[in-house]
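Got your viewer ready? Load the model, switch to cartoon view, and let's walk through it one selection at a time.

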Amino acid sequence: MKKYIFFDLGGTLIASRKSMDHALLYAFHKLHLNAQIPKNTASYLGPPPMDSLIDFWGFDRQTAKQVLDAGVEYYQEKGLYESHLYEGVRFMLKRLSEEGIHLFAVSSQMQPMVEKKLEYFQIISYFTDIGGANCDGTQSSKEDIIRTLMCRRGLAQKNAADFLVVGDRWQDAMAADIFSFDFVAARYGYAEPGEFRSVDACRVAETAEDLQKILFGCCGILEKANA
């Protein structure tokens, strides 16, 4: 049975594409950049934001940093309030926490923003610890953040079979693989078609309701009606 779960946020627990797109559009307009948001893909959501701005849009590092700063400005003022939790997420986290499962929030966004999100959605109390990128943009990969959390909590020597990573993009799956942890794919998030073709079908959640069933099963929790 699983004892420790690392959760990605955007696309897994929080529906945030609208807010992130608006933050990008605000930044592009503010900086007078001729850049657009693609309508047929969400592949820019999931990687560390700086990486997406450089790799997807082709900005140099200085411009990418300016876009990121402007996007954060929008997100803190308006964007956060354009996001919402997927249905049933609060109940799922509450139940897992009550059953003694240690939950960790893992995001490539900056740590203060991650904490603000969890506080706004009133789910921060369910997490044992929270990991985000440093404010200077370092430690932004999921594997680095997970490693930091494990060291901070003295979990490095625990059995890998006790751990689970949950996410909606290949970066989450790759981080799980690096640590030899099991992975559950939230396909309802921002994954590209076929992105989780190699993931065991019983570990792929098509909806947030599916995710709850999978996680309760992994943790030996009997299901009951949402409160």
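Start by selecting M92, which sits in helix α4; helices (H or I, at least four residues) and strands (E, at least two) are DSSP runs, numbered from the N terminus. Before going further, note that this is a predicted model, where local features need pLDDT of at least 70, side-chain atom pairs count only at pLDDT 80 or more, and totals for chains, interfaces and linings use all residues. Residues are numbered from 1 along each chain as its sequence is written, and side-chain values use heavy atoms, with hydrogens and water left out.

Is M92 buried or exposed? M92 is buried, at a relative accessible area of 1% (buried means under 20%, exposed over 50%, partly exposed in between, with a 1.4 Å probe and protein chains only). Show its contacts (heavy atoms within 4.5 Å): leaving out residues up to four places away in sequence, M92 touches F7, L13, L211, Q212, L215 and F216. Now add K78: it is 14 residues from M92 in sequence, yet 27 Å away in space, C-alpha to C-alpha.

Next, pick helix α8, residues 208–218. Its buried residues include L211, Q212, L215 and F216, and the buried residues of α8 pack against β1, α4, β6, β7 and β8. Just after α8 comes G220, with a positive phi near 65°.

Time for the sheet. Color the strands and follow the order β5-β4-β1-β6-β7-β8: this is an open sheet of 6 strands with parallel pairing (two strands pair if DSSP finds at least two bridges between them). At the edges are β5 (129–133) and β8 (204–205), each pairing on one side only. Inside the sheet, β1 (residues 4–8) and β6 (residues 163–167) run parallel over 4 bridges, and I5 has L164 in β6 as its bridge partner. Helix α7 packs on the sheet too, touching β1, β6 and β7 (182–186), and its direction makes about 170° with that of β7 (axes are lines fitted to C-alpha atoms, for helices over the stretch in contact, and angles run from 0 to 180 degrees between N-to-C directions).

Move over to β5. It is largely enclosed by the rest of the structure, because 5 of its 5 residues are buried. Strands β4 and β5 run parallel and are joined by 4 bridges; look for F104 opposite D129 in β5. Then click Q109 in β4, which is buried at 13% relative accessible area. Among the residues Q109 touches are M20, P49, G132 and A133.

Now for charges. A search of the whole structure finds 14 salt bridges (a side-chain nitrogen of Lys or Arg within 4 Å of a carboxyl oxygen of Asp or Glu). Select E195 and R169: their closest N and O atoms are 2.9 Å apart. E195 lies in the loop between β7 and β8 and R169 in the loop between β6 and α7, so this pair ties together parts 26 residues apart in sequence. Both E195 and R169 are buried.

Which residues are linked in a network with D182? K2 and R203 are, through salt bridges; the D182 and R203 side chains meet at 3.6 Å, N to O. D182 counts as partly exposed, at 31% relative accessibility.

Last stop: W170, in helix α7 (residues 170–179). W170 is partly exposed, with a relative accessible area of 42%.
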